[in-house]
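Here's a quick briefing to read alongside the model. Have the sequence and the 3D view open as you go.

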Amino acid sequence: MSHDKQTSDARQFAEESSSLVRITAAPLTWAGHFVLCYGAAAVWCVKWPGPIGQMAPLRIALGLATVLALAIIAWLGWRSWQQWDLLDDYDYEHEMGVGEDRHEFLGHAAFLLSIVSFVGVIFTSLPLVFAATCR
Amino acid sequence: MFSPAGIDALATLNLFWVMLAGAVVIWFALNGLFLYVTRIHVGKMSRRLAEAVIIGGGILFPLVVLSTLLIYSLPMMGHQRAPDDGLRVSITAERWWWRVEYWPDGADAPVVSANELRLPVDQRSELLLTAGEVIHSFWIPALGGKTDMFPGRITRMTLAPSQTGTFRGQCAEFCGLSHALMAIPAVVMEPDAFADWLADQAQPADLSAPGRAVFLREGCGACHTIRGTPAAGRVGPDLTHLGSRTALAAGILPMTADALRAWISNPEAVKPGAEMPAYDHLNDTDMTALAAYLMGLE
Amino acid sequence: MTSDADRGTYPPTEEMLAQPVPAEVAKAQADRLRKVWAQPPGWTYWSAVNNTEVGVWYCLTATFFMLLAGILALLMRVQLAVPENDFLDASRYNQFFTMHGSAMMFLFAVPIFEAISILILPSLLGARDMPFPRLSAYGFWCFVIGGIFVMGSLLFDAAPDAGWFMYPPLATEYGGIGADIWLLGLSFIEVASIAAAVELIVGVLKCRPPGMRVNIMPLYAWYVLVVGGMIVFAFPPLIAGDFLFEMQRSFDWPFFDPERGGDPMLWQHLFWIFGHPEVYIIFLPSIAVTAMIVPTAARRPIVGYSWIVLSAVGTGFLSFGLWVHHMFATGLPAISLGFFSAASEAVVLPTGIQIFAFVATLMVGRVRMIHPMLWIAGALAIFVAGGLTGVMVAIVPFDWQVHDTYFIVAHLHYTIFGGMLFPVIGGIYYFYPIIAKKQLSERLGKWAFWLMFTGFNVTFLPMHLTGMQGMPRRVFTYPGDLGWNWLNMISTVGAFVMAAGILVFVYDLLRPKGKQPDPPRNPWDAGTLEWTHNVPGEAWGIRSIPYVDTRYPLWQQSKMQERIDAGRYYLPDAEEGKRETLVTSVIDAHPLHVQRVTGPAWITIWAAIFTGGAFIFPTFHWYPPAIVSAVLAVACIIYWNWTSTAVIPEKDSKDAGLGLRLPLYVSGPDAVGWWAVWITMLADATAFSSLVFAVFFYWTASAQFPPDGAQFANGGLVAAGTGLVAGSWALTAWARRDAGRGAMAALAAAMLAACAGGAVLFLALWTTDMDPTEHVYPAMMWALVIWVIVHLIAGVVLQGYCLAGLAFGKITRRHDAPLWNSLLFWHFLCLTVLVTGAMIAIAPRLMT
């Protein structure tokens, strides 16, 4: 037992680990972007406070981070859309206890999470445009 | 905050009315829908409609409304904090009263007062806030939002009053035993009147009354300052122009001789935990003289 | 190792399931099961550990604390009914509002979720019990002891009085032992909460019935998973904060003292990083209950299962990006506030989606307004109002006005009553037949509902106005000339109406129902597994563990009920006289092994008592008894683990029914214990990360961290210490591979290396003049080292446990679960020590 970890659990993990990661990957990207924005702004405002003009480097850097985060989430959304594979059978219920339904369900859930994360990243970037001041 | 007397308070109130109207509509729509499907139209509706409800109600509608709200409200923060041509005032929150120091343009020493904030109308003044021992929060609802006050840190806010008058403020962050008894009147004046008042406040007090001797004899000067006398304590509020203020004991008592006597003879009864000792050993003559002297400091 | 080939057939064919079980066989099996799962008789009943008993005690205790906290609220309302009232003095009022908030949060809202979940999760999943029954019992007894200690302080006028948020410096510098009671008593309960969360997560991941893949598990289970995960990441920052806080209070280490480089803002961050997810931690379980009731009422499967899963997971994530909205008034830069304002609005999306999915389900179903739906309707009306004011207060300028006023009091009670209390009560009406095998009165239920609903709105609706008129929170009195008088009077009257409603409900809950006839098994015609329960009740949980391949097996799998009852499915018997449940794989619920679960025990109570001592004695600065208690607690826990976990079975595998042969002993990732350690260590790593965050926080928040002329830890000693610990880790890893005679030597060497490593790390600071009371920088360095040393002690105890296990034959090459689990602990420990080494030896040198 102990010397052979190729049990069914481990194999299933290998099979579906990509889906499991994908279901949290989009919100994790949101979280990473959020922490980056908050952390960078906090350090910036303590170490280099100043008038609005001096916010430009921070805004540009975080703007680029936002574009990157959106691109990652879009790519994740595309991957999970393919895994969901709605257009082959128009199944969005996945209510049977079979492997295919489980596979498509994880894709579907990951796809929806990508949408919410995408919106989350856009919201997070709004202050960069509309409230970019250290006051 | 329903009778705003400041630019920021008015902007916030208008924002509130808009949000309230939206909220009422949404509340009735959602609860109406629930009532409709559980009581009135019980029976199978189309699956497609149900899914449209999830996507429309859960994603599209909030997306539009919330983006609009954010884009409208985010710039307000910067506006409400940007300093302008008005004066600077430092306010230090103590347990449970306010140290107020005015810094007119070019001044190298402040004009010190306490437990009352006066501001010129139609100017944006900047407040530099800090605290003595614990966290407090400065808030004049009629003029604008609140900002916390921390020991060892300066936070900033601005206020732009648009009407003259006296407006009540109160500490908004729980600060211990007498948190409830820590108010501050804010008096908004015409700029000329304000300038005169500030010039008066900058003067030392020169009042020779019998109570002056009582004040000095009882050692009040160990904690309180009355400029122009030997009393120069920094522990308690500056009393140089006490009689000119609108209220006593951080907005808790009216500025009357009776209230002053009640406060001096037993501060604990008015404000639990107050650090000022009780002077209940003073005889009636001394007490009357002391109260008259303090009331006379205008 | 039993490979798949010789396990037998899986999944079962319809033919196998259709084969009848002979009646006399079924009866003999049922008798054996009944005997094995029987409750201990007489006063030994209190040694029971089953989820059905512990869950009920847990629920009732949490309800009891809720009633106490509610009485405090009523007393406060009496004080505020009229201006300048002297019914309560300032000191007592401050204690009451502090304890009202603390008790409602820590002694009711979070525990009731765990209590209800412990009670019903196994039946939702067709499991016999939770995976670690004694852990539930231990958590429960910790909760009872801690709760009585914290609430009891009110009787001695010594209760915490600095608010449930305990902001320093107020809470560090003032007020008797109240703050210590709060910090230590509630930390103790938080530890129990994390233990319960670990157990619930493992329960959902590993104790589902065969065939119940992740796409068909009950939505309640999804929510338990998400909420458990949130507890694992949200509570540890608070525990780390408590640790720093208590070090300041007991030993004057200046973490929050601005004069010595500390910063009160750090506590606010740590507290709200816990505090905001916490709001969703209490909200999501109620949505979970709703997600069970709504399909039953609509008589059809939920519409938008994937959407609801998205909501649960999405809310779980987003809720960690909201904490600064409790700190909008702290003077942080506008851009920082903007991020949190935006995230606070973004969380509206997943929250709204769930509500619309429920409405959609009701639209397409054939709705019956069963009584629990009344509470759901009330919850919707209240929660939506609270959510809409939530959208308002997430807008920063508006929050600057209403923050810390009665508007917020109104808002939070709208969200909590609508998002927690009403659905929970609806859930109790719904699940009561399973719990008590009786039904609650619908007539009393209507009375309770309308009294509570009316009373609630009368109390809290006017408070919006009170707050907007300028009344701050947490004031024990107010002047009579500000126009607040009548609003406060209305709120007080409403509070008593609401209290009457709660009394009616509690009366209905507790009144004797002996004469009531047995209710039908499935009174609401629901579709999920918990309604296969037995009436009258049986202690076995479920007669046989079914093969499930639909979301609503009672609706979608014919003959489910009769086959369960006949013992047609898995584990229908207890031929070895052991309590057993089935462990399956994480994603597809493939049967993996048969888990022997523990039975009644007193040791868990002793362990809880001594753990309580270890937390409670330091409140009074009685350190020797605290240390003795801690040692005894560890001894009890070791004894309990040694005697009842990873016991080597009498045979390698057993017939699990339906031709399936499953092992009785597994180790590593197949075993539930390994998963529990993994999740616990995630929580531990989160607490440690909070300490690391604190170092960077001080660096960003102050111009001088470390201060000028600060000393640094001795680099050579830090390198040596971390090297020794890494060596100890490597030896432990080797011992796990070997698991024989060589492993014993390796473990002995590993223990020495770990002890030496800890001592050297200690010396790395000791040999400098870094005085932790002088400045926050040395204090922070010492805090990290103390954290590591405490963990090293635990690591050495685990190594010793494995060494003893090998010596006494509890651990062999085939039966090596403790080695796997200890090594997992050591992976985390090694990483912690490496990071600590970098934080004390390298980071400060770079920061100056």
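One thing up front: this is a predicted model. In chain A, residues 105–130 are 100% helix and 0% strand, with the end C-alpha atoms 38 Å apart. Chain B brings a five-stranded open sheet, and chain C supplies a helix pair whose axes come within 10 Å, plus a few backbone oddities worth a look.

**Chain A: helices**

- Chain A has 4 helices and 0 strands, so reading from the N terminus you simply get α-α-α-α, with helices and strands taken as DSSP runs.
- An unreviewed UniProt entry lists residues 20–46, 58–78 and 105–130 of chain A under "transmembrane region".
- Take the 58–78 span of chain A: the model makes it 100% helix and 0% strand, and its end C-alpha atoms sit 30 Å apart.
- The 105–130 span of chain A is likewise listed in that UniProt entry, and its end C-alpha atoms lie 38 Å apart.
- Of the 135 residues in chain A, 45% are buried.
- If you look at contacts in chain A with a separation of 6 or more, 77% of them involve residues 24 or more positions apart.

**Chain B: the sheet**

- The open sheet of chain B has 5 strands in the order S3-S2-S1-S5-S8, and the pairing is mixed.
- Which strands sit at the edges of the sheet in chain B? They are S3 (111–114) and S8 (155–159), each of which pairs on one side only.
- On average, neighbouring strands of this sheet are turned by 25 degrees against each other, ignoring direction.
- Strand S2 (residues 97–103) of chain B runs antiparallel to S3(B), and 4 bridges join the two.
- For a concrete place to click, B:Glu101 has B:Val112 in S3(B) as its bridge partner.

**Where the chains meet**

- Between chains A and B, 9 residues of chain B are in contact with 8 residues of chain A.
- On the chain B side of that contact with chain A, the classes come out as 7 nonpolar, 1 polar and 1 charged residues.
- The contact between chains B and C takes 66 residues from chain B and 65 residues from chain C.
- On the side of chain B that touches chain C, at least two residues each come from helix H1 (7–40), helix H2 (47–81), strand S7 (147–149), S8 and strand S9 (165–170) of chain B.
- H2(B) gives the largest share of that side, at 20 residues.
- By class, the side of chain B that touches chain C has 37 nonpolar, 18 polar and 11 charged residues.
- S8 of chain B therefore turns up twice in this tour: as an edge strand of the sheet and among the elements supplying residues to the side that touches chain C, with strands defined as DSSP runs.

**Chain C: a helix pair**

- Helix H22 (residues 672–701) and helix H26 (residues 817–847) of chain C have axes that come within 10 Å and cross at roughly 5 degrees.
- Angles under 35 degrees count as roughly parallel, so H22(C) is roughly parallel to H26(C).
- The contact has 18 nonpolar, 3 polar and 1 charged residues.
- From H22(C), the residues that meet H26(C) include C:Trp674, C:Trp678, C:Phe688 and C:Trp699.
- From H26(C), those that meet H22(C) include C:Trp820, C:Phe825, C:Phe828 and C:Met847.

**Chain C: backbone spots to inspect**

- The peptide bond from C:Pro168 to C:Pro169 is cis, with omega near 0 degrees.
- C:Pro169 belongs to the loop between helix H5 (133–152) and helix H6 (170–173) of chain C.
- C:Phe705 and C:Pro706 are also joined by a cis peptide bond, with omega about -5 degrees.
- You'll find C:Pro706 in the loop between H22 and helix H23 (715–738) of chain C.
- C:Arg474 isn't a glycine, yet its phi is positive, near 65 degrees.
- C:Arg474 is placed in the loop between helix H16 (442–468) and helix H17 (485–510) of chain C.
- C:Arg474 counts as partly exposed because it has 18 C-beta neighbours inside 10 Å.
- C:Asp525, another non-glycine, has a positive phi of about 55 degrees and lies in the loop between H17 and helix H18 (553–556) of chain C.
- With 13 C-beta neighbours inside 10 Å, C:Asp525 counts as partly exposed.

Note on methods: Residues are numbered from 1 along each chain as its sequence is written. Chains are lettered from A and ligands numbered from 1 in the order in which they are written. This is a predicted model: local features need pLDDT of at least 70, side-chain atom pairs count only at pLDDT 80 or more; totals for chains, interfaces and linings use all residues. Two strands pair if DSSP finds at least two bridges between them. Axes are lines fitted to C-alpha atoms, for helices over the stretch in contact, and angles run from 0 to 180 degrees between N-to-C directions. UniProt positions are given in the numbering used here, feature names are shortened, and annotations may be inferred rather than shown by experiment. A residue is buried if 20 or more other C-beta atoms lie within 10 Å of its own, exposed if 12 or fewer, and partly exposed in between; C-beta atoms are placed from the backbone. Two residues are in contact if their C-beta atoms, placed from the backbone, lie within 7 Å. Angles under 35 degrees count as roughly parallel, over 145 as roughly antiparallel, 65 to 115 as roughly perpendicular and the rest as oblique. Ala, Val, Leu, Ile, Met, Phe, Trp, Tyr, Cys and Pro count as nonpolar, Asp, Glu, Lys and Arg as charged, and the others, Gly among them, as polar.
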